[in-house]
Amino acid sequence: MTEPTKTLCPYCGVGCGLEVFQTAKKKDFWQVKGDRDHPSSRGQICIKGATIAESLDKNRLEYPMMRDSLDEPFQRVSWDEVLTKICDRIANILQTRGPEAICMYGSGQLQTEDYYIAQKLLKGCLGTNNFDANSRLCMSSAVAGYIQSLGSDGPPCCYEDLDLTDCAFLIGTNTAECHPIIFNRLAKHRKNNPDLKIIVVDPRRTATAKIADLYLAIQPGTDIDLLNGIAHLLLSWGATDSLFIEKHTDGFADFAAIVQKYAPELVARRCQITIEELETAARYWQKSQKVLSLWSMGVNQSAEGTAKVRSIINLHLMTGNIGKPGAGPFSLTGQPNAMGGREAGGLSHLLPGYRLVKNPQHRQEVERVWGLRSGQISSIPGLSAWEMITGLELGEVGLFWVVATNPAVSMPDLDRTKKALKQSPLTICQDAYYPTETANYAHILLPAAQWGEKTGTMTNSERVVTFCPSFRKFPGEAKADWEIFAEVGRRLGFKEQFDFESSAEVYAEFVSLTKDRLCDLSGLSHSLLAKQKTIQWPFASGETQKTGKRLYTDFNFATANKKAKFAAVHSKGLAEPLDRNYPFILTTGRLYGHWHTQTRTGKIAKITKMHPQPFLEIHPRDAEKLGIAEGNTVEVRSPRGLVKLPAKITKAISPGTLFVPMHWGELWADLAEANALTHPIACPDSLQPELKACAVKVIPGGSKD
Ligand SMILES: Nc1nc2c(c(=O)[nH]1)N[C@H]1C(S)=C(S)[C@@H](COP(=O)(O)OP(=O)(O)OC[C@H]3O[C@@H](n4cnc5c(=O)[nH]c(N)nc54)[C@H](O)[C@@H]3O)O[C@H]1N2
Ligand SMILES: Nc1nc2c(c(=O)[nH]1)N[C@H]1C(S)=C(S)[C@@H](COP(=O)(O)OP(=O)(O)OC[C@H]3O[C@@H](n4cnc5c(=O)[nH]c(N)nc54)[C@H](O)[C@@H]3O)O[C@H]1N2
Ligand code: SF4
Ligand SMILES: [Mo]
């Protein structure tokens, strides 16, 4: 057996440590086990991590490919030819239309080094902030909520808090299936501490709800009613931390005034829970010394996502549950390096080091390090993911460069998305695999080296950075994503800006831009990480001892006056109201074994056996009313599209609500795309679309047309 390589699981934001090794007998055959030394997972892994090696060599994209139009087959081309074509096009667009016609759409599955070089190329050298990532569909409400309430992005908690809390408040998260190792840790704490209270808030009774002391099956979109309702009771019971509110927060009076309006009767009616259930939730908050809130897409993917996040933080501020062990508002990141992406400035309104495009000082600081003239970085936030789609519709986008994401499955309103993609004058799809649904809409395919083939870093939900070294050769002519961007930059004349010999040099420059920022990683380097394997930030240069565990332990927040801000927000409910034609709420989400659009997990027998086909969850009462039996093919329509799926009749879903998993795109099944139905209406602050709810109708036997 070879010496194992310690690395990070490239799937979810839990960020489990893996050890990858090779049995000497078989070349390029890899096995994986949990890394017992990794502080975030201590040797545990789930089925996705355990089977990752099986996907490494299946259906890889190995060579650059090109075609002139979407109805032609792809032809293999050389890197030189394809890069010449891309650079000519960029130069032409810059000359004729300006940089705003160039867009890159990236991913929380890139390494930090890839992300950073993409920012430098687009936002720095080309002068457009049109870099957005699939994190827009994922974490952007959490980012906006943290910034507005606490002054900066950055989850304040760590996984140790899972062992120390006396009340875990899980809202809009199916932790058991989507962050299983975090769930296991909480379940273990529960076993050892029968006094621990667990509240789960989700319209679906998921596997997560099974460990709940209190499960609240709220109506989709009523989270703010519930959160304000809990605040109302705490306030009326005098269960607040007045000293904390007084010394460390602003805006309490306005918040309290709003909350007055959320009387238990009203809240219970809107959420469709009982007053007793609401009171029990508030009692758990009141009685606990350390409340830890965990949330994910049931909160973020909403037209009021930022307000939902801020309403969670409100409860923490009014009870002083932040900046101390076992307590705090803890958003669970979805992808393995969505956190690193945020650090590197990987959304269209951000710059590296938790900086903002709109802030002139921030722009200057970045321009200086990038060796650019003052004013080169635009002060206008770039297009968000969905705005890139509408930009294509309007003919405003001349080059659409998609990297490590599969928008032809994961974007809302797929019919509209696909039509827009067909209108694109030039789409580049830079992916590790072929085919993918998005490749069908591309003119150029660039083969990317993936996890295990390039050396870089990733940051997990608890701010732990893990070194991910390469252990396997690039397939064919694939290249690391950052190398592709750097080569384009050099060819466009930015030789000095992209004069990097290795990803270690890229990382060194990136961390220098985090000095004295909340996400201070300036003490990190590839060489230190190669030795220590993991380091939690903040970790400033010159640091000798660990400092990274929790943020805001001195209760000095990242706002100008160091005080956290209460949000006074009303509940608005769902963006798309139900009506007689579309009387059901559809929600969408994930299953334990599959990863997103199945580019990897769809090829792993153990996983496809676990989840053989897509389905529609419907409550027995609704099924009976509509004459639907288990397994019947049912058509579901929204104003935008349709799916036809076998019915899975279950009490796990609330009456009036339906669920479809998001994993089946057009390569994997016919008429099974959850996003054929969803709409793009987004939160006005975070621009994150409401992928968790749309209005639909159910046609039991299928429609005639
Ligand atoms: N197995 C697996 N794990 C994954 C992933 C994967 O693809 N597969 N992807 C990763 C990524 S990128 C992400 S973002 C995370 C997502 O992790 P989660 O957010 O936990 O997963 P989802 O299934 O998308 O949605 C969570 C829950 O939100 C609930 N929900 C819907 N509407 C509402 C509402 O209005 N209010 C509340 N309170 N809840 C609501 C749904 O019923 C669902 O159970 O998972 C990560 N982990
Ligand atoms: N209806 C509905 N839609 C959703 C969601 C939902 O809950 N409901 N969730 C949303 C969320 S939270 C997310 S995160 C998105 C996820 O959606 P996507 O990002 O579209 O899903 P993935 O399948 O993870 O796509 C990642 C792609 O990157 C490729 N890849 C992997 N590693 C590398 C690499 O190193 N380099 C390159 N260049 N390519 C690589 C993979 O082959 C794959 O094609 O979906 C969003 N869409
Ligand atoms: S919990 Fe997430 S990080 Fe851990 S092994 Fe599973 S998919 Fe990988
Ligand atoms: Mo995500």
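A polar contact is a pair of N or O atoms within 3.5 Å. The exercises below apply this and a few other cut-offs to a predicted model.

**Exercise 1. Find which side chains make polar contacts with oxygen atoms of ligand 2, and state how much of the ligand's accessible area the protein covers.**

Solution. Begin with Asn 134, which has an N or O atom in its side chain 2.7 Å from an oxygen atom of ligand 2; because the cut-off is 3.5 Å, this pair counts as a polar contact. Continue with Gln 109, where a side-chain N or O atom lies 2.8 Å from an oxygen atom of the ligand, and with Thr 597, where a polar side-chain atom lies 2.6 Å from an oxygen atom of ligand 2. Taken on its own, ligand 2 has 920 Å² of accessible area, and the protein covers 99% of it.

Then widen the view to the whole shell of 32 residues, in which Asn 134, Ser 410, Asp 431, Thr 597 and Asn 675 come nearest to the ligand. Sorted by class, the shell around ligand 2 holds 12 nonpolar, 14 polar and 6 charged residues.

**Exercise 2. Describe the surroundings of ligand 1: which backbone atoms approach its nitrogen atoms, and which helices and strand supply at least two residues of its shell?**

Solution. First take the backbone: a polar backbone atom of His 594 is 2.6 Å from a nitrogen atom of ligand 1, one of Cys 178 is 2.8 Å from a nitrogen atom of the ligand, and one of Tyr 592 is 2.9 Å from a nitrogen atom of the ligand. The protein covers 99% of the 900 Å² of accessible area that ligand 1 has on its own.

Next consider the shell, which consists of 34 residues, the closest being Asp 202, Asp 223, Met 297, Arg 590 and His 594. At least two shell residues come from each of helix 6 (175-178), helix 13 (297-300) and strand 23 (584-589). By class, the residues around ligand 1 are 11 nonpolar, 15 polar and 8 charged.

**Exercise 3. List the residues around ligand 3 and work out how they divide into nonpolar, polar and charged.**

Solution. Start from the list itself, which is made up of Cys 9, Tyr 11, Cys 12, Val 14, Gly 15, Cys 16, Ile 45, Cys 46, Lys 48, Gly 49, Pro 180 and Ile 181. Sorting these residues gives 9 nonpolar, 2 polar and 1 charged. Finally, look at where they lie: helix 1 (47-51) and helix 7 (180-192) each supply at least two residues of this shell.

**Exercise 4. Examine the salt bridges formed by Asp 163, Arg 342 and Lys 308, and decide for each pair whether its residues are buried or partly exposed.**

Solution. The structure holds 34 salt bridges. In one of them Asp 163 pairs with Arg 42, with the closest N and O atoms 4.0 Å apart. This pair links distant parts of the chain, since Asp 163 is in helix 5 (residues 160-164) while Arg 42 is in the loop between strand 3 (30-34) and helix 1, 121 residues apart. Asp 163 counts as partly exposed because its relative accessibility is 27%, and Arg 42 counts as partly exposed because its relative accessibility is 46%.

Arg 342 pairs with Asp 153, the closest N and O atoms being 2.8 Å apart. Arg 342 lies in helix 15 (residues 338-343) and Asp 153 in the loop between helix 4 (140-150) and helix 5, so this salt bridge ties together parts that are 189 residues apart in sequence. Both Arg 342 and Asp 153 are buried.

Lys 308 pairs with Asp 223, where the closest N and O atoms are 2.8 Å apart. Lys 308 belongs to helix 14 (residues 305-318) and Asp 223 to helix 8 (residues 223-236), so parts 85 residues apart in sequence are tied together. Lys 308 and Asp 223 are both buried.

**Exercise 5. Explain why Cys 157 does not form a disulfide with Cys 158.**

Solution. A disulfide is a covalent bond between the sulfur atoms of two cysteines. The cysteine sulfur closest to that of Cys 157 is in Cys 158, and because the two are 7.2 Å apart, they are too far for a bond. The structure as a whole holds 0 disulfides. As for its setting, Cys 157 is buried, with a relative accessible area of 1%.

Definitions and conventions
Residues numbered from 1 in each chain as written. Chains lettered and ligands numbered in written order. Predicted model: local features only at pLDDT ≥ 70, side-chain atom pairs only at ≥ 80, totals over all residues. Heavy atoms only, no water. Near = heavy atom within 4 Å. Helix = DSSP H or I, 4+ residues; strand = E, 2+ residues; numbered from the N terminus. Nonpolar A, V, L, I, M, F, W, Y, C, P; charged D, E, K, R; others polar. Salt bridge = Lys/Arg side-chain N within 4 Å of Asp/Glu carboxyl O. Buried < 20%, exposed > 50% of the residue type's maximum accessible area, 1.4 Å probe, protein only. Disulfide = S-S within 2.5 Å. Polar contact = N/O pair within 3.5 Å; in protein donor to acceptor, adjacent residues only side chain to side chain. Areas by Shrake-Rupley, 256 points an atom, 1.4 Å probe, with all protein chains shown as cover.
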